[in-house]
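Visitor: I should like a close look at one buried or exposed part of this protein, with its surroundings set out residue by residue. Please then add a word on the enclosed space elsewhere in the model.

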Amino acid sequence: MSRPREDILGQESGEDCHVIDLMGFSDEILLHILSYVPSTDLVLSVKRACRKLATLCLDKSLTHTVVLHKDYQVSKDKVKQLLKEIGKEILQLNMAGCYWLPSSTIDHVLRCKNLVKLNLSGCHLTSLRLSKMLSVLQNLRSLAIDVNPGFDASQLSTECKATLSRVLELKQTLYTPSYGVVPCCTSLEKLLLYFEILDRSREGFILSGQLMVGESNVPHYQNLRVFYARLAPGYVNQEVVRLYLAVLSDRTPENLHVFLISAPGSFAETGATKNLLDSMARNVCLDALQLPKSWLNGFSLLQHVKFNNPFYFSFSRCTLSGLVQKVINGGKDLKSLTSLNLSGCIHCLAPDSFFRKAEDDIDSSILESLVVSCCNLRHLNLSAAHHHSSENLGKHLCQLLARLKHLLSLALPVCSITDGAANADKPPMQSVTNMLPQGFGKKARVGVQTYSRSVEQGHAKPQTSVFWTLLESLLLLESLELIGSNFSSAMPRNEPAIRNSLPACSRAQHVGDAEVAAISQLTYLRNLTLAQLPNILTGSGLIRIGAQCQHLRTLSLANLGMMGKVVYLHAFMDMLKYCKHLRDLRLEQPYFSANAQFFQALSHCSSLQRLCIISRNGTLQSDAVMSFMASCLEVIMCHMFTGESLTACKNLQQSIVRRIKSREACDCISYLSNYVQDCLFLPPPSG
């Protein structure tokens with residue numbers, strides 16, 4: 001009788017040796033491992049490996065929810081086969097953003113007769129196809145769709161309307177003025193609206209936001225608990241959302257507890273909106289609130305509205321003085337608050353009726369009260385403002401924020417992380433001049449410092465760095481943004497093209513490579529944005545981030561160092577060699593040369609899916625781009641806005657499309673050149 005293999009190995013090596021067999025794990029552990037595998041791979045590949053995996057891959061915990069969102073490798077045939085095999089088991093199906101799948105793919109959703117939640121945002125969907133599908137999905141309670149030009153609610157069948165009447169949650173993205181399917185959803189509790197309507201049609205005709213008021217179905221909002229509206233720039237979007245709000249102002253739902261409106265630029269109040277705010281102050285008790293800045297500036301809502309257990313406040317770009325004091329001193333219990341957005345609130349940390357200048361220090365006692373009252377914050381945004389701290393010991397903004405141990409995401413202006421007014425009197429290049437030898441000897445060249453390619457020889461911890469100490473206390477932070485107060489992107493998203501930016505800040509001139517190196521402490525960092533850091537000299541801190549932040553998924557860099565030259569390029573290329581898991585890269589830098597060396601370094605990012613380069617007067621090498629696309633097989637979006645000629649861009653685009661036809665999601669690849677420089681102020685393609 002033969003002996004087990006492990007016994008033989010044990011005798012030969014003189015010690016016990018155990019062979020690890022994956023199938024020897026418990027079903028619970030295997031199910032947890034399989035939960036990270038895409039559904040298409042589970043059902044179409046892994047299930048066929050052995051009998052045990054065939055059983056586990058069909059477990060309800062894996063088949064009840066199918067997510068195809070951002071699964072760029074999935075094809076129409078895979079979706080068809082997947083829904084054929086497990087369609088009856090699926091309760092939740094998320095196909096959001098599957099723009100590359102043909103509209104006929106939606107027909108196979110009919111196999112999922114037990115669906116409770118369906119997300120088709122970004123998919124090609126007509127009124128007739130929607131009607132046919134919803135007529136079968138009688139158990140549906142949550143729906144997300146796009147409403148495109150040509151949508152006709154009169155084409156919806158009686159069975160479809162019956163299904164919609166039972167829907168409790170609706171997410172609707174409007175690309176044309178319409179109520180969509182809202183009039184049919186008579187039981188709505190949660191309504192999410194995304195307004196992406198252009199002011200002009202493709203033919204150049206001016207669009208109107210007027211709708212038939214009789215279609216709004218006023219009584220159907222009475223079960224509403226959550227209302228959210230996000231507007232892209234444009235007058236028509238404001239017109240249409242006012243019609244939705246007019247219904248709410250006429251009869252405000254008593255159970256409303258979340259009311260959020262995100263609107264870029266100016267969004268003037270009307271009589272209907274004032275009536276709505278008055279009614280909300282009298283009749284509802286909110287848990288989350290976000291309003292356009294002009295509505296907050298001229299209305300005393302914060303003193304009158306009632307809050308139950310608030311978890312989300314957004315006062316973005318509100319210029320009301322003493323804003324934080326009004327929130328804290330209202331006698332509200334804010335320990336339940338988990339998310340607070342004070343972006344662009346330049347006076348929020350100043351006393352009431354006091355308009356501080358950009359160079360003035362914040363009132364540290366107000367920030368300290370905020371930290372004590374909102375001790376469980378997980379998300380905090382203080383960007384787009386000047387928040388300068390005094391030299392009082394223990395009262396620096398970074399020292400106070402270090403008490404928020406639960407923070408997962410943080411956005412700060414660059415000038416807020418300096419060590420105080422003492423640094424403001426020192427020239428930014430003082431550290432360079434101190435390195436020069438004194439007396440006789442070989443003259444040292446004054447200019448951009450060289451950096452060490454060794455990670456171990458990077459920046460050591462500065463003895464008095466409050467920013468380093470802050471990040472030491474927030475080791476669980478997943479998202480970090482450091483953005484200059486006067487930064488203005490050439491391609492903003494959901495922001496007006498012309499914006500009033502704040503003045504430049506002298507304190508930001510002292511934030512450079514050492515502060516960037518401090519970010520490398522954040523082991524669990526997933527998303528990083530650095531914009532308008534003028535004192536970046538070598539970019540050496542980027543290398544440490546790449547080497548130590550191995551969970552980094554999204555990286556956005558904009559206007560670092562000198563504008564006339566990309567001084568950090570070599571360090572940035574060394575950083576990319578470590579970024580094996582990076583998926584999204586956005587680089588905005590004038591005069592950037594996307595040459596062969598850059599794309600060779602970028603090829604190390606084997607998981608990269610989306611690349612966006614915005615560079616006025618920048619250049620690119622077509623051969624290098626082709627080699628990069630051939631080596632990085634996951635890339636499905638490549639947008640470059642540079643100074644190359646239109647002919648060169650078109651030829652490059654055609655070459656890429658011909659070579660990578662196997663990537664069905666790659667139809668979004670585009671290249672724009674100098675002839676559309678004015679279009680840099682338009683929102684970029686969504687990808």
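Guide: Beyond its neighbours within four places in sequence, Cys505 is in contact (heavy atoms within 4.5 Å) with His386, His388 and Cys415. The model is predicted, so local features need pLDDT of at least 70 and side-chain atom pairs count only at pLDDT 80 or more, while totals for chains, interfaces and linings use all residues. Residues are numbered from 1 along each chain as its sequence is written, and side-chain values use heavy atoms, with hydrogens and water left out.

Cys505 lies in the loop between strand E14 (479-483) and helix H19 (513-518); helices (H or I, at least four residues) and strands (E, at least two) are DSSP runs, numbered from the N terminus. Its relative accessible area is 11%, so Cys505 is buried (under 20%, with a 1.4 Å probe and protein chains only). Val414 stands 91 residues from Cys505 in sequence, yet the C-alpha to C-alpha separation is 9.0 Å.

As for enclosed space, the structure holds one cavity of 30 Å³ or more. A cavity is a set of points on a 1 Å grid over the protein atoms alone where a 1.4 Å probe fits but cannot get out, and lining residues have an atom within 4 Å of a point. The volume of the largest cavity, the space filled by probe spheres set on the points, is about 60 Å³. Its lining includes Phe313, Phe315, Leu370 and Cys374, and helix H13 (residues 323-328) gives the largest share, four residues.

Key
On a 1 Å grid over the protein atoms alone, a cavity is a set of points where a 1.4 Å probe fits but cannot get out, and a pocket is an open set with protein on both sides within 12 Å along at least five of seven lines; lining residues have an atom within 4 Å of a point. Buried means under 20% relative accessible area, exposed over 50%, partly exposed in between (1.4 Å probe, protein chains only).
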